[in-house]
Amino acid sequence: MTAATTVMVERAAAPAAESRAPLRTARVGMWLALAAIGMLFMAFTSSYVVRQGLDPNWRNLRMPGILIANTFVLLASSLCLEKARRATAGLAWLLATLGLGVLFVTGQFTAWRQLGAQGVYLSTSSFGSFFYLLTAAHGLHLMGGMMALAATAAVSSARRLRWLEVTALYWHFMGALWLYLLLLMFGLR
Amino acid sequence: MAPHAGHAAAHQAPTGFIRKWIFSIDHKVIGIQYLLLALTAVNVGMVLSIFMRLRLAWPTEKWPMLAHIFPTGFQGGPMTPEFYLSMLTMHGTIMVFFVLTTAPLSGFGNYFLPIQIGARDMAFPTLNMLSFWVTFVSFVVMIMALFATGGAPISGWTAYVPLSAVGQVAGPGLGLGQTLWVISIAIFCGASLLTALNFLTTTLNLRARGMTLTRMPLTVWAWFTTAILALLAFPVLLAGGVLLLLDRVGGTSFFIPAGLVVSDQHLTHSGGSPLLWQHLFWFFGHPEVYIAILPGMGVTSHILSTFSRKPVFAYRAMVGAIFAIGFISYIVWGHHMFMSGMSPYTSMAFSVSTMAVGVPSAIKTFNWLATLWGGKIRFTTPMLFSLGFVSLFVSGGVTGMLLAQPAIDIQLHDTYFVVAHFHIIMGVAAIFGIFSGMYYWFPKMFGRMMNEGWGKVHFWFSLVGVYAIFMPMHFLGIAGHPRRYAQATEFQYLRPLQPLHMFITIAAFLTIAAQIIFIVNFFWSIWKGKRAGVNPWESTSLEWTVPSPPPHDNFGDVEPVVHHGPYEFGVPGAPRDFVMQTDPPGEVHS
């Protein structure tokens, strides 16, 4: 009986605060968030496939050339983030990741403007609708990631390393998602 | 927001009114906020159903008082069919999203999931607060849709395209009202995702020492499974909502086919697929009905065991059945679309998978009966509502088996038979689950008992009432009465059914009146009810080891350690007829 009481009070001092939530908890939460985001893009994908199959006037557009450069920018940003995650003081690498993120978003805007100059808008063609939809949905999620990275850059370096464990998951997922979208829209005809 | 270093609790108890009751990060306050939101929503939804029932029973009445409040809905005559449709749409939407999703999962789940697994709060308390307030914003936008210029949307809670996609040209309420509807639903999806993520992380990572998976109460298993369903289903509805919004305001044609002529106008859209919306919607929609009912199953299992003073029969089979129902819910959505011209082979696949739901459902039902068998049953109000849940679950489930067969469904599709089926199983069965949870947990939440006598009166009026409302609807459906029609008397073959409509309306009014008993009992008991002890029902799970209401960090200075399963009633050699989950192990088996 006394032994049980001791066990019961033993862990009374264990903190379980949100901002100090164990890394494991935060990581599980992030994986679940990625599962939900994955389902969102799965739903977009099935819509894409269904619409492509049903629309006799469906025509894939040529890929705007800048998307190739953008892809490399995003891959490079993931590499920088890995550097930041593994370094003891990775602030510079983290800021580089953020800079490359800004470059990617700017590049996506440029791609939109190039398409616009060719007369391709959201409602012009079925493929165009999906192109704008998928790039915008990906871009918005990526910008959310950039806000998280900016917050990560702002905290103390001890905390930063723990935060990076979680934000890096998200960022790499966004990179993989971008490759997948490229493949979906331009790889599979 | 960040806790002070060295403080032992999850987060310090807030002192100001706003941080304590409005923008609280305490899961218990958030749970009550969700329940109050659902209580508000259910009253709005109920009022809308009164309008519908008035129109159906007395289609030519002019109701001057109501016409005074809603001049556009009457326009000097009887209620317009468009107004009826908007009431129908908003009733369904508000009930499904803001009552049946909000109360059982977000309400009770928020309050009791952390306590039942021995956690001090959710894994992400701030996110939890955000979930509630985003849900609240979603509700406000939905109420705006109800009062939008041009009327509330009339496309039903399923918002079938192209009706819901083409805009004002298709009729009243399909302009601003429908746009607000889509926005509200999209916001709701986001909030539900956050809730689901929090529930899952909490259950996976914050269980107290000794709280192994097989010691989790079935309520926790039910909320956990429901959260998985929500996490994977709501993103699909969100995707559908985004596409629908783009079709409405962005000029795209995801859902709108070519060559559509609406109200004598030729639309310029081309290439869209109306069926795509149905697939996206029902891929969400079918898991959604289990999101509404699974928490009720968990609560029922918990309560039947507690008041039979017997362990739940076949605990592991119950857990397996919950998971099986959750899994199957993802492969049955096509049974909502048998009329859409799908291939008979596809129909058959969906039909077989749908009927397969009957297997885990039967496992649950028989296990509930076996739990009752030979028990020392205590007929408390929560017990009565749980028994009512079983009754309604069987009544509604049996008709599901009929509708699962394409040959029968093609006859009954879009008739009152379907209305009867889903109201019994996902509407009132889930509501009975909510009531039984409310009567059961009220003493824990507010420190006082609800009045038992009035609770029983409430139960009997509700049980007889809901059967009186929804049983006759089966006959309407078999007689070929289509749903969503504002008036049956205009059709010769439906005219003889009019007395049945009047009967249903009167039954509905009496049942709604009986709910006043609950509301009065609820608020009276908060302040005047008999004081409740720590464990008034002699229950076993962790929430009954802490004061009523529990302190801010649930367990104070004691870290709970679990030594027993959740349903150890009538254990031979134990000093009492129940063993709390935290009772030390030696005391019982010596």
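In this predicted model, P59(B) sits in the loop that links helix 2 of chain B to helix 3, the latter spanning residues 64-69. P59(B) is partly exposed, because 18 other C-beta atoms lie within 10 Å, a count that falls short of the 20 needed for a buried residue. Leaving out residues up to four places away in sequence, P59(B) touches P78(B), Q487(B) and T489(B). The loop thus brings together parts of the chain that are far apart in sequence: P59(B) and A486(B) are 427 residues apart along the chain, yet their C-alpha atoms are separated by 7.9 Å.

Other loops of chain B hold some backbone features worth a look. Between helix 6 (125-146) and helix 7 (176-205) lies P162(B), and the peptide bond that leads into this proline from V161(B) is cis, with omega near 0°. The loop between helix 6 and helix 7 also holds A159(B), a residue other than glycine whose phi is positive, near 45°. A159(B) is buried, because 23 other C-beta atoms are found within 10 Å. A cis peptide bond also joins S548(B) to P549(B), here with omega of about -10°; P549(B) belongs to the loop between helix 17 (498-528) and helix 18 (586-589). A positive phi, of about 60°, is found at D414(B), which is not a glycine. D414(B) lies in the loop between helix 14 (406-412) and helix 15 (416-446) of chain B, and with 14 other C-beta atoms within 10 Å it counts as partly exposed.

On the scale of whole domains, the assignment for chain B gives domain 1 (22-272), domain 2 (289-528) and domain 3 (534-590). The centres of domain 1 and domain 2 of chain B, taken over C-alpha atoms, are 20 Å apart. Contacts between these two domains involve 35 residues of domain 1 of chain B and 35 residues of domain 2 of chain B. On the domain 1 side, helix 2 (27-57), helix 5 (81-116) and helix 8 (218-249) of chain B each supply at least two of the residues that touch domain 2. Helix 5 of chain B gives the largest share of this side, 14 residues. By residue class, the side of domain 1 that touches domain 2 divides into 26 nonpolar, 7 polar and 2 charged residues.

The interior of the model can be followed through its nonpolar cores. The largest has 209 residues, and L231(B) and A429(B) are those with the most contacts inside it. Helix 8 of chain B provides the largest share of this core, 22 residues. Around A429(B), setting aside neighbours within four places in sequence, the contacts are I293(B), G296(B), F389(B), L392(B), F393(B), G396(B) and I424(B).

Turning to the partner chain, chain A has 6 helices and 0 strands, and its pattern along the sequence reads α-α-α-α-α-α. Of its 189 residues, 31% count as buried. Among contacts in chain A between residues at least 6 apart in sequence, 76% join residues at least 24 apart. Helix 6 of chain A (residues 157-187) has a kink of about 35°, centred on L164(A). L164(A) is one of the buried residues of helix 6 of chain A, which also include R160(A), Y170(A), W171(A), M174(A) and W178(A). Helix 2, helix 3 (66-86) and helix 5 (126-154) of chain A are among the elements that cover the buried residues of helix 6.

Helix 2 of chain A (residues 23-54) also holds A43(A), a residue in contact with chain B. Setting aside neighbours within four places in sequence, A43(A) has contacts with P235(B), V236(B), A239(B) and L280(B). A43(A) is buried, because 22 other C-beta atoms lie within 10 Å.

As for confidence, the predictor gives the complex an ipTM of 0.92 and a pTM of 0.93. Chain B has an average pLDDT of 93, and 97% of the residues score at least 70. Residues 1-9 of chain B call for more care: the pLDDT over this stretch is below 50, and the model shows 12 contacts for it beyond near neighbours in sequence.

Methods
Residues are numbered from 1 along each chain as its sequence is written. Chains are lettered from A and ligands numbered from 1 in the order in which they are written. This is a predicted model: local features need pLDDT of at least 70, side-chain atom pairs count only at pLDDT 80 or more; totals for chains, interfaces and linings use all residues. Helices (H or I, at least four residues) and strands (E, at least two) are DSSP runs, numbered from the N terminus. A residue is buried if 20 or more other C-beta atoms lie within 10 Å of its own, exposed if 12 or fewer, and partly exposed in between; C-beta atoms are placed from the backbone. Two residues are in contact if their C-beta atoms, placed from the backbone, lie within 7 Å. Domain bounds come from an automatic or database domain assignment. Ala, Val, Leu, Ile, Met, Phe, Trp, Tyr, Cys and Pro count as nonpolar, Asp, Glu, Lys and Arg as charged, and the others, Gly among them, as polar. The bend at a residue is the angle between axes fitted to the seven residues ending there and the seven starting there. pLDDT is the predictor's confidence in each residue, from 0 to 100. A nonpolar core is a set of buried Ala, Val, Leu, Ile, Met, Phe, Trp, Tyr and Cys residues joined through C-beta atoms within 7 Å.
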